[in-house]
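Subject: Structure handover

Hi,

Here is the structure I promised to pass on to you. Have a look at it first, and then read my notes underneath.

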Amino acid sequence: MSTETCINSNDSNNNNCIINADNTNDKSSIRQFYANKSVFITGASGFIGKILLLKLLVSCPDIGQIYVLMRPKNDVSSNKRLSAMLSAVPFQYALNDDDPRKKKVVPIEGDITRPGLGFSDADRALITDTVSVVFHCAASIKFDAPL
């Protein structure tokens, strides 16, 4: 039997949910697929990437590491940007500050505009050796960039 919990519902009928978190005892095929698998996400700091990351953390408790491509920005390191992101909307509604699921999210410093995503050799080896699923959610918002 599966029950649903609405996170940040505006009404009792769960009509404006951000995420429906299924009961963790329910072993759905998606939950089983992601169990002990590592994932790499580009664009995790954007709208779609944040929702995807939250959904994976909430719905797939047995997921392995979730590596997210992050670039330093305005003299703020990738680690600090990730920490701030995981403490803000929409994560604050689903995860406590000390939630152990947050430790599954690991920043990989890089940039989609650089060759090879700007990976270090060590990070490239880590991603190619451990990641089973890649979600490419990144985009450039420079509308005058050359194609």
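Phe47, Ile48 and Ile51 together make a nonpolar surface patch of about 330 Å². Bear in mind that this is a predicted model, so everything here is computed from it. Of the patch members, isoleucine 51 sits in helix H2, which covers residues 47-59. Is isoleucine 51 buried or exposed? Partly exposed, as it turns out: its relative accessible area is 31%. That is enough for the patch, because the residues in a patch need over 30% relative accessible area.

Zooming out for a moment, the chain has 5 helices and 6 strands. Going from the N terminus, the order is β-β-α-β-α-β-α-α-β-α-β. There are 147 residues, and 36% of them count as buried. The accessible surface of the chain is about 9000 Å², with 50% of that belonging to carbon and sulfur atoms. If you take the contacts between residues at least 6 apart in sequence, 67% of them join residues at least 24 apart.

Serine 38 is one I spent some time on. You'll find serine 38 in strand S3 (residues 38-42). Its relative accessible area is 10%, so serine 38 is buried, the cut-off being under 20%. What does serine 38 touch, once neighbours within four places in sequence are set aside? The list is Gly64, Gln65, Tyr67, Thr130, Val131, Ser132 and Val133. With Gln65 there is also something more specific: the serine 38 side chain reaches the backbone nitrogen of glutamine 65 at 3.4 Å. And here's a distance you may want to check in your viewer: serine 38 and valine 105 are 10.0 Å apart, C-alpha to C-alpha, with their positions 67 residues apart in sequence.

Now some backbone geometry. The peptide bond joining valine 89 and proline 90 is cis, with omega at about 0 degrees. Proline 90 belongs to the loop between helix H3 (78-86) and helix H4 (91-94).

The loop between strand S4 (66-70) and H3 holds asparagine 74, and aspartate 75 lies in the loop between S4 and H3 as well. Asparagine 74 has a positive phi of about 50 degrees, although it is not a glycine. For aspartate 75, also a residue other than glycine, phi is positive too, near 65 degrees. As for accessibility, asparagine 74 is at 67%, so it counts as exposed. Aspartate 75 is exposed as well, with a relative accessible area of 86%.

Cheers

Methods. Residues are numbered from 1 along each chain as its sequence is written. This is a predicted model: local features need pLDDT of at least 70, side-chain atom pairs count only at pLDDT 80 or more; totals for chains, interfaces and linings use all residues. Side-chain values use heavy atoms; hydrogens and water are left out. Patches are made of residues with over 30% relative accessible area and no salt bridge: like charges are joined within 9 Å, nonpolar side chains (Val, Leu, Ile, Met, Phe, Trp, Tyr) within 5 Å. Accessible areas come from the Shrake-Rupley method with a 1.4 Å probe; for residues, only the protein chains shown count as cover. A salt bridge is a side-chain nitrogen of Lys or Arg within 4 Å of a carboxyl oxygen of Asp or Glu. Helices (H or I, at least four residues) and strands (E, at least two) are DSSP runs, numbered from the N terminus. Buried means under 20% relative accessible area, exposed over 50%, partly exposed in between (1.4 Å probe, protein chains only). Contact means heavy atoms within 4.5 Å. A polar contact is a pair of N or O atoms within 3.5 Å; within protein, one must be able to donate a hydrogen and the other to accept it, and residues adjacent in sequence count only if both atoms are side-chain atoms.
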